[in-house]
Amino acid sequence: MLEIRNLRKAYGSHIVLHDASLTLRPGTIHGLVGANGAGKTTLINCLYGLESDFSGTIRDTAGSAVRERTGLLPYEPYFYPRLTGREYLEFCLQARGRPVVDFTGWNQLLELPLDQFADEYSAGMRKKLALLALLVQQFNYLILDEPFNGLDLEANLLLKEILKRLRDRGTGILLTSHILGALTETSDEISVLVGGRVQRHYTAAEFGTLENDLLDSLHREKLGLLKKLL
Ligand SMILES: Nc1ncnc2c1ncn2[C@@H]1O[C@H](COP(=O)(O)OP(=O)(O)OP(=O)(O)O)[C@@H](O)[C@H]1O
């Protein structure tokens with residue numbers, strides 16, 4: 001399991017995460033929702049070791065460093081200039097000391113022009129390439145920051161199916177999305193980040209309540225304001 005306990009992270013005087021706790025279990029898809037700026041990416045970056053200077057505990061209960069058995073899809077994947085898609089994939093594997101594998105099978109699904117420069121890919125293609133680099137590595141855990149964002153309809157459907165199959169094979173997947181349907185269709189549990197804390201945790205049986213809770217707060221606050229404006 002990956003465990004986050006009482007995570008507190010501030011940028012200067014701005015406290016982003018106050019006391020966030022979350023567990024990612026093997027064989028589970030765990031959705032993380034929260035408003036823009038709620039701290040989802042910050043939480044992910046702390047979990048993956050991209051941020052330091054936080055308090056609380058973050059650990060892989062198997063005893064290894066989180067990064068060793070975990071792959072990260074960042075919100076905006078970065079590619080070195082003048083590196084083809086294929087070279088990027090090879091680079092990712094070699095950087096982790098893994099053998100270079102044949103990408104053909106996975107790329108029949110994702111259909112990327114692997115011999116073009118990755119920094120010239122469209123936004124959706126960039127996301128697919130970063131995903132492909134994770135899929136060929138067989139991680140125990142995946143952390144996916146907005147994986148559906150920018151993907152076309154077919155790739156969206158495909159990704160949902162890929163995630164479910166990985167989950168069924170034992171992978172623990174933490175994913176963020178602003179598309180509630182994408183989360184409720186794929187996740188086994190969803191945590192809601194509000195005010196720097198996991199305000200509530202919903203099991204799949206409670207997803208109907210989650211939608212109602214979100215709609216309720218929208219109706220109470222923003223739709224009331226909108227009525228005054230329009
Ligand atoms: N490097 C940084 N320096 C200063 N403040 C930062 C930094 N990174 C994030 N923040 C602030 O932390 C807060 C949380 O940002 P974060 O990107 O984690 O939110 P998020 O929930 O992922 O948002 P979104 O849904 O818009 O992607 C924001 O107020 C943001 O301005």
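Select Arg8 first. Arg8 has 16 C-beta neighbours inside 10 Å, so this residue counts as partly exposed. The model you are viewing is predicted. Arg8 sits in strand E1.

Keep Arg8 selected and show its surroundings. Setting aside neighbours within four places in sequence, its contacts are Leu17, His18, Asp19, Phe54, Ser55 and Gly56. Ser55, in E4, is also the bridge partner of Arg8. Now draw a distance to Asp53. That residue is 45 residues away along the chain, yet the two C-alpha atoms are separated by 9.2 Å.

**The sheet**

Next, select residues 2–11, which form strand E1. Add E4, residues 54–60. E1 and E4 pair in the antiparallel sense, over six bridges. Add E2, residues 14–24. What is the order of the strands in this sheet? Read across and you get E2-E1-E4, an open sheet of three strands with antiparallel pairing. E2 and E4 stand at the edges; each has a single partner strand, so one side of each is left without a neighbour in the sheet. On average, neighbouring strands here are turned by 15° against each other, direction ignored.

**The helix across it**

Select residues 40–48. This is helix H1. H1 lies across E1, E2 and E4, and runs at about 120° to E1. Then pick Leu43. Beyond its neighbours within four places in sequence, Leu43 is in contact with Leu7, Leu17 and Ala20.

**The cores**

Which residues have the most contacts inside the largest nonpolar core? Select Ala20, Leu43, Leu47, Ile143 and Ile173. The core they belong to has 36 residues. E2 supplies its largest share, five residues. Another core, of 13 residues, lies apart from that one. To find this second core, select Leu89, Phe103, Leu110 and Ala133, which are among its members.

**The whole chain**

Zoom out and colour by secondary structure. The protein has seven helices and nine strands. Along the principal axes, its C-alpha atoms fill a box of roughly 55 × 45 × 35 Å. How does the radius of gyration stand against that of a compact globule? The protein has 18 Å, which agrees with the value near 17 Å for a compact globule with 230 residues. Colour by burial next: 33% of the 230 residues count as buried. Finish with a contact map. Among contacts between residues at least 6 apart in sequence, 68% join residues at least 24 apart.

Methods. Residues numbered from 1 in each chain as written. Predicted model: local features only at pLDDT ≥ 70, side-chain atom pairs only at ≥ 80, totals over all residues. Helix = DSSP H or I, 4+ residues; strand = E, 2+ residues; numbered from the N terminus. Rg over C-alpha atoms; globule rule 2.2 N^0.38 Å. Buried ≥ 20, exposed ≤ 12 C-beta atoms within 10 Å, placed from the backbone. Contact = placed C-beta atoms within 7 Å. Pairing = 2+ DSSP bridges. Axes fitted to C-alpha atoms, helices over the stretch in contact; angles between N-to-C directions. Core = buried A, V, L, I, M, F, W, Y, C linked by C-beta atoms within 7 Å.
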